[in-house]
Amino acid sequence: MKISQLNKLALICNLAFCFALGMRYYPLFQGTSAESLILVSGLVLSPLVNLLVLVINLVQFGSPAFRTIRPLALLNSLFLLLQAFLLFSGALSLGNTNA
C-alpha cells in the first residue's frame, strides 16, 4: 500500500472519528451496522492508522522524495494529537455519564 493511500485511509478514519464524536451528542443510526462501522473505524482504527502514518512519515522524512510538506499527512498528525489529548483527558471515556 502506498503512503498516499494510507494517508487517504487515515483521513477516512478521521472523518469517522469526527462523526463518532458527534454521535455521542446526537444519536444517529442507533442499533445498526452503520453505527458499529463508524464507531469502530472512528474510535479504534483512526488512532492506530494515524500512528502508523506518523511513523512512516518520520522514517521517510530524510529521503529526497519527502522534501515537500504533505498537507494530508500534516492533517492526520493533527488529528492524532487531538485523539491523544481526548484519550488522556478522559473525554472519550464510555463510562462517563456526566457528559
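**Exercise 1.** Does Leu-43 count as buried, partly exposed or exposed, and at what relative accessibility?

*Solution.* The model is predicted: local features need pLDDT of at least 70, side-chain atom pairs count only at pLDDT 80 or more, and totals for chains, interfaces and linings use all residues. Residues are numbered from 1 along each chain as its sequence is written, and side-chain values use heavy atoms, with hydrogens and water left out.
- Step 1: buried means under 20% relative accessible area, exposed over 50%, and partly exposed in between (1.4 Å probe, protein chains only).
- Step 2: Leu-43 has 33% relative accessibility, so Leu-43 counts as partly exposed.
- Step 3: Leu-43 lies in helix H2. Helices (H or I, at least four residues) and strands (E, at least two) are DSSP runs, numbered from the N terminus.

**Exercise 2.** State which elements make up the chain, and in what order.

*Solution.*
- Step 1: the chain has three helices and zero strands.
- Step 2: read from the N terminus, the order is α-α-α.
- Step 3: of the 99 residues in the chain, 26% are buried.

**Exercise 3.** Place Gln-83 and list what Gln-83 touches.

*Solution.*
- Step 1: Gln-83 belongs to helix H3, residues 71-89.
- Step 2: Gln-83 is buried because its relative accessibility is 3%.
- Step 3: leaving aside residues up to four places away in sequence, Gln-83 touches Asn-14, Phe-17, Ser-46, Pro-47 and Asn-50. A contact means heavy atoms within 4.5 Å.
- Step 4: for the chain, 76% of contacts between residues at least 6 apart in sequence join residues at least 24 apart.

**Exercise 4.** Describe the backbone and setting of Phe-29.

*Solution.*
- Step 1: Phe-29 sits in the loop between helix H1 (3-25) and helix H2 (33-59).
- Step 2: the phi of Phe-29 is near 55 degrees, a positive value in a residue other than glycine. Most residues other than glycine have a negative phi.
- Step 3: Phe-29 has 41% relative accessibility and therefore counts as partly exposed.

**Exercise 5.** Count the disulfides and classify Cys-13 and Cys-18.

*Solution.*
- Step 1: a disulfide is a pair of cysteine sulfur atoms within 2.5 Å.
- Step 2: the count by this rule is zero disulfides.
- Step 3: Cys-13, at 5% relative accessibility, is buried, whereas Cys-18 is partly exposed with a relative accessible area of 38%.
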